[in-house]
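Trainee: I have a model open and would like to understand the terms used to describe it. Could you take me through them?

Mentor: Gladly; let's put the structure up and start with the ligand.

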Amino acid sequence: VIAAAPPPGCHGGDGARLAAALGIAPGDVLDLSASLNPVAPDPRPVVARHLDAIGRYPDEFRAVASLADAMGVDRELLVLTNGGAEAISLVAIDAGRGWVEEPEFSLYRRHLPRLEPDAPLWRSNPHNPSGLLARLHERAAVWDEAFYPLATATWTRGDAVDGATVVGSLTKLLACPGLRVGYIICPDEMTARRLRLRRPEWSVNGPAASALPELLQNVDLALWSKQVAGLRDDLAALLRSHGLEPEPSDANWLLVDAPGLRDRLASRAVLVRDCSSFGMAGTVRIAVPDAAGMQRLASALHDAPMAERSR
Ligand SMILES: Cc1ncc(COP(=O)(O)O)c(C=O)c1O
């Protein structure tokens, strides 16, 4: 018996709910709704070496220093956060007002106290959901680079040097959304100090702060972004072989117009992101899987062929 997929929400990452609906373990769902780095090494053995940190209050000093060094950013300008989500909420509340051109990642409008068309612009780069990198001349007050390092093999476009605030997420790059690590690159030290004071004390948990320097040692942006680009080509070819035409993308996902595909794949324990909450009904966002995930997606597509397409 095939259970109904839980209704889509305003984020990806609802694999645990699908697993419950299907009566299987969360780890048995192929979750392509959250766009994690498919070639990141398994972070669990590293984090397991840092579980002692559970017994102490978190100390982020080494984590900040190692991230600043990896990124080539002044550590006084870097604020470590409990995921990109906390970075977004801190910057939004601090700013008080901002503007978001839809479709965009939903947390900007959720956390901005006032949305006003003449207020400073927020943008994701690459853009979520389209997956396209911003053009060189495009400017914003706040850039979200959650997927930038994987798309470009470079940590940041460097907009903080020109006065913008940059928010980022390490949960995508390091494939550890349950661990929660993100950051803000501030345009100046005063902003960084103010945001640190706004942030709840110990918001980056002990195991995350303790494991981060070791997790960063394994980062190879050049290799990972090349591998992801290759897997993205494989994904596009797979979708085309099933009569689907994905949109061009610089990110580790593809958008495709495929009404009904989410439910069909969900019944095979493969989860993709329904884009209705972006105002794009019928479109799904499919994260680039690793080679094993690609095989699984291929069988699920084979078992659940698209109905005769109406357009
Ligand atoms: C564009 C963008 N920014 C930030 C985030 C937040 O990620 P996290 O809070 O897991 O670091 C997400 C998560 O989906 C995202 O898509």
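Mentor: This is a predicted model. A polar side-chain atom of N128 lies 3.0 Å from an oxygen atom of the ligand.

Trainee: What makes the pair formed by N128 and the ligand a polar contact?

Mentor: A polar contact is a pair of N or O atoms within 3.5 Å. The N128 pair, at 3.0 Å, falls within that limit.

Trainee: Which atom of the ligand is 2.5 Å from the side chain of D144?

Mentor: A nitrogen atom of the ligand, and its partner in the D144 side chain is an N or O atom. For K172, an N or O atom of the side chain is 2.7 Å from a ligand oxygen. Both pairs are within 3.5 Å, so they count as polar contacts as well.

Trainee: Which residues around the ligand come nearest?

Mentor: There are 13 residues around the ligand, and the nearest are G84, D144, S169, K172 and R180.

Trainee: Now the helices. Why are helix 10 and helix 12 called roughly parallel?

Mentor: Their axes cross at roughly 10 degrees and come within 11 Å. Angles under 35 degrees count as roughly parallel, so helix 10 and helix 12 earn that description.

Trainee: Which residues make that contact?

Mentor: Helix 10 (residues 221-241) contributes L231, D234, L235, L238 and L239, while helix 12 contributes A291, M294, L297, A298 and L301. By class, the contact has nine nonpolar residues, one charged and no polar ones.

Trainee: What do these two helices lie across?

Mentor: Helix 10 lies across strand 9 and strand 11, at about 20 degrees to strand 9. Helix 12 lies across strand 1, strand 10 and strand 11, at about 95 degrees to strand 1. Since 65 to 115 degrees counts as roughly perpendicular, helix 12 is therefore roughly perpendicular to strand 1.

Trainee: How do you know which strands are the edges of the sheet with the order 1-10-11-9?

Mentor: Look for strands that pair on one side only: here they are strand 1 (30-32) and strand 9 (253-257). The four strands form an open sheet with mixed pairing, and neighbouring strands are turned by 30 degrees against each other on average, direction ignored.

Trainee: What makes strand 10 and strand 11 a pair?

Mentor: Pairing needs at least two bridges. Strand 10 (residues 270-274) and strand 11 (residues 283-287) are joined by two, so they pair, and they run antiparallel. D274 has V284 in strand 11 as its bridge partner.

Trainee: How many strands are in the sheet with the order 2-8-7-6-5-3-4?

Mentor: Seven, in an open sheet with mixed pairing. Its edge strands are strand 2 (78-81) and strand 4 (114-115). Strand 7 and strand 8 pair over four bridges in the antiparallel sense, with V166 opposite I185 in strand 8.

Trainee: Why is the peptide bond from E102 to P103 called cis?

Mentor: Its omega is near 0 degrees. P103 is in the loop between strand 3 (97-100) and helix 5 (106-111). N125 and P126 are also joined by a cis peptide bond, with omega about 0 degrees, and P126 lies in the loop between strand 5 and strand 6.

Trainee: What is the phi of A153?

Mentor: About 65 degrees, a positive value although A153 is not a glycine. You will find A153 in the loop between helix 6 (148-152) and strand 7.

Terms used: Residues numbered from 1 in each chain as written. Predicted model: local features only at pLDDT ≥ 70, side-chain atom pairs only at ≥ 80, totals over all residues. Heavy atoms only, no water. Axes fitted to C-alpha atoms, helices over the stretch in contact; angles between N-to-C directions. Parallel < 35°, antiparallel > 145°, perpendicular 65-115°, else oblique. Contact = heavy atoms within 4.5 Å. Nonpolar A, V, L, I, M, F, W, Y, C, P; charged D, E, K, R; others polar. Near = heavy atom within 4 Å. Polar contact = N/O pair within 3.5 Å; in protein donor to acceptor, adjacent residues only side chain to side chain.
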